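Subject: Structure handover

Hi,

Here is the structure I promised to pass on to you. Have a look at it first, and my notes on what turned up follow underneath.

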Amino acid sequence: MAAEIVNPRSDSKTHGAAGADGISGAEEPFDPAFALHRGGKMAVQATVPIRDKDDLSLAYTPGVAKVCSAIAENPELVHDYTWKSQVVAVVTDGTAVLGLGDIGPEASLPVMEGKAILFKQFGGVDAVPIALATTDVDEIIETVVRLAPSFGGVNLEDISAPRCFEIERRLQERLDIPVFHDDQHGTAVVTLAALRNAAKLSGRTLGDLRGVISGAGAAGVAISKFLLEAGIGDVAVADRKGIVSRDRDDLTDVKRELAELTNRAGISGPLETALAGADVFIGVSGGTVPESAVASMAPGAFVFAMANPNPEVHPDVAHKYAAVVATGRSDYPNQINNVLAFPGIFAGALQVRASRITEGMKIAAANALADVVGDELAADYVIPSPFDERVAPAVTAAVAAAARAEGVARR
């Protein structure tokens, strides 16, 4: 079957040979998604006017030479006289794009543009999409290192596991600017915030909870480590072959490390075994969890089924057994949405020119996000909306303060 392409100009969706607008064929209903994306979703805009020769001589030659010379003598001035400290590179290789998988760099661009406008809309941070035509770990690292002088931070996006772990780690070692893989840490921050509030609502603490995570990819690994850092009682992680445990001989290096850190109860076998009596289910894997397994969870359990568009546990099923239900979807309450975290995290880090993003900064972000809910806390409101105007300022301030407290702030 030929790929379907939309022509917003003619309000038709067509297939077949290219015509004047690059498409032709039988008319079908207009698709607004294509209309919105035509020409891209972002552009570069000047912040200074160029109205006459005097403006031109200041913004460009000869005036610009004075600034360049000053930066050459004192490289730190680049933060004051360029946009470097206000801009993030959104870097991908297109290997793990949303729910689409390995679709390549060109096809990833609409998502990367989307990420960039979310940075601006929700955090006031400029961002530039960079889709790389390589999946080689060393080539990605070397490319980003060479691009780094132009940016105040790097947001790694939609890079498949386990490669994403090594790429992030090695870039953090080589660069003195924040490097943040949002698929890992953004998801973890928002999950922790929601879980803190769910526990508070039920009169418990994180330490009282035993969690089970479905999915041992980028998000699953990061969430499990982050929840342990934050003080959860125990957490077990399941991949396609069952619980990640020390007795398995088929684990990658990342999963072997995970087996050492998690599953203190020593559970083995399938996901369903771990869910029996568990207080928390966190889904970042897709697939479907049997209703019988959900029913076996502890009374007052929490179900965070975050796969999109089809949650691992449908909310109607989850509500039969769980006290708090969250998903990754915007059409249900308690959406676990990364946009609640990454704009404010980067805004805070850039504000103080942080050299990196620490665990303490991420925990501060999660706590600030949870606190936004305040006295409005309820089973259907354990996490605020992305459109709550209190979110970004709260996260930004908390991250900046944590950076200063941890000694990674440079202003």
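Let me start with the enclosed empty space: the count comes to two cavities of 30 Å³ or more. Please keep in mind throughout that this is a predicted model. The largest cavity has a volume of about 60 Å³. Its lining is made up of H79, S85, G152, I177, P178, A349, L350, R353, A354 and R410. As for the idea behind such a search, rolling a probe the size of a water molecule over the atoms shows where empty space is left.

Next, the open space. The second largest pocket has a volume of about 1100 Å³. Its lining consists of 27 residues, and V44, Q45, A46, T47 and W83 are the ones that lie nearest the centre. Which elements supply at least two residues each to that lining? They are α2, α3 (63-73), α5 (105-123) and β4 (126-131). Helix α3 gives the most, with five residues.

Helix α2 is worth a visit in its own right, since several of my notes gather there. L56 sits in this helix, which spans residues 53-59. Together with I50 and Y60, L56 makes a nonpolar surface patch of about 340 Å². L56 has a relative accessible area of 44%, so it counts as partly exposed. A59 belongs to helix α2 as well, and A59 is also classed as partly exposed because its relative accessibility is 35%. If you would like a long distance across the model, take A59 and K241: their C-alpha atoms are separated by 60 Å, with the two positions 182 residues apart along the chain.

Now for the charged side chains. How many salt bridges does a search of the whole structure find? The total is 26. I picked out a few for you:

- D55 and R51 meet through their side chains in a salt bridge, at 2.9 Å from N to O. Are these two partners buried or exposed? D55 is buried because its relative accessibility is 13%, under the 20% limit, whereas R51 is exposed because its value is 66%, over the 50% limit.
- R170 and D138 form a salt bridge with an N to O distance of 2.9 Å. This pair links distant parts of the chain, with R170 in helix α7 (residues 163-174) and D138 in helix α6 (residues 137-147), 32 residues apart. D138 is partly exposed, at a relative accessible area of 41%.
- E173 and R169 are joined by a salt bridge at 3.3 Å, again N to O. Both residues lie in helix α7, four residues apart, which is about one turn of the helix. E173 counts as exposed because its relative accessibility is 55%, while R169 has 42% and so is partly exposed.

There is also a network: salt bridges that share partners join D239, K241, R248, D250 and K255. You will recognise K241 from the long distance to A59 mentioned above.

On the cysteines, a search of the whole structure finds zero disulfides. Two cysteines in my notes have contrasting surroundings. C68 is partly exposed because its relative accessibility is 47%, whereas C164 is at 1% and so counts as buried.

Finally, two more positions to look up while you have the model open. V399 is placed in helix α16 (residues 391-405). Why does V399 count as buried? The reason is its relative accessibility of 0%, because buried means under 20%. V399 and D80 are 319 residues apart in sequence, and their C-alpha atoms are 21 Å apart in space. A276 lies in the loop between α11 (271-275) and β10 (280-283). With a relative accessible area of 40%, A276 is therefore partly exposed. The C-alpha atoms of A276 and A295 are separated by 8.3 Å, and the two residues are 19 apart along the chain.

That is my tour for now. Happy to talk it through whenever suits you.

Best wishes

Notes. Residues numbered from 1 in each chain as written. Predicted model: local features only at pLDDT ≥ 70, side-chain atom pairs only at ≥ 80, totals over all residues. Heavy atoms only, no water. Disulfide = S-S within 2.5 Å. Buried < 20%, exposed > 50% of the residue type's maximum accessible area, 1.4 Å probe, protein only. Patch = residues over 30% accessible without salt bridge, like charges linked within 9 Å, V, L, I, M, F, W, Y side chains within 5 Å. Areas by Shrake-Rupley, 256 points an atom, 1.4 Å probe, with all protein chains shown as cover. Salt bridge = Lys/Arg side-chain N within 4 Å of Asp/Glu carboxyl O. 1 Å grid on protein atoms, 1.4 Å probe; cavity = no way out; pocket = protein on both sides within 12 Å on 5 of 7 lines; lining within 4 Å. Points joined across faces, edges and corners; volume = space filled by probe spheres on them.
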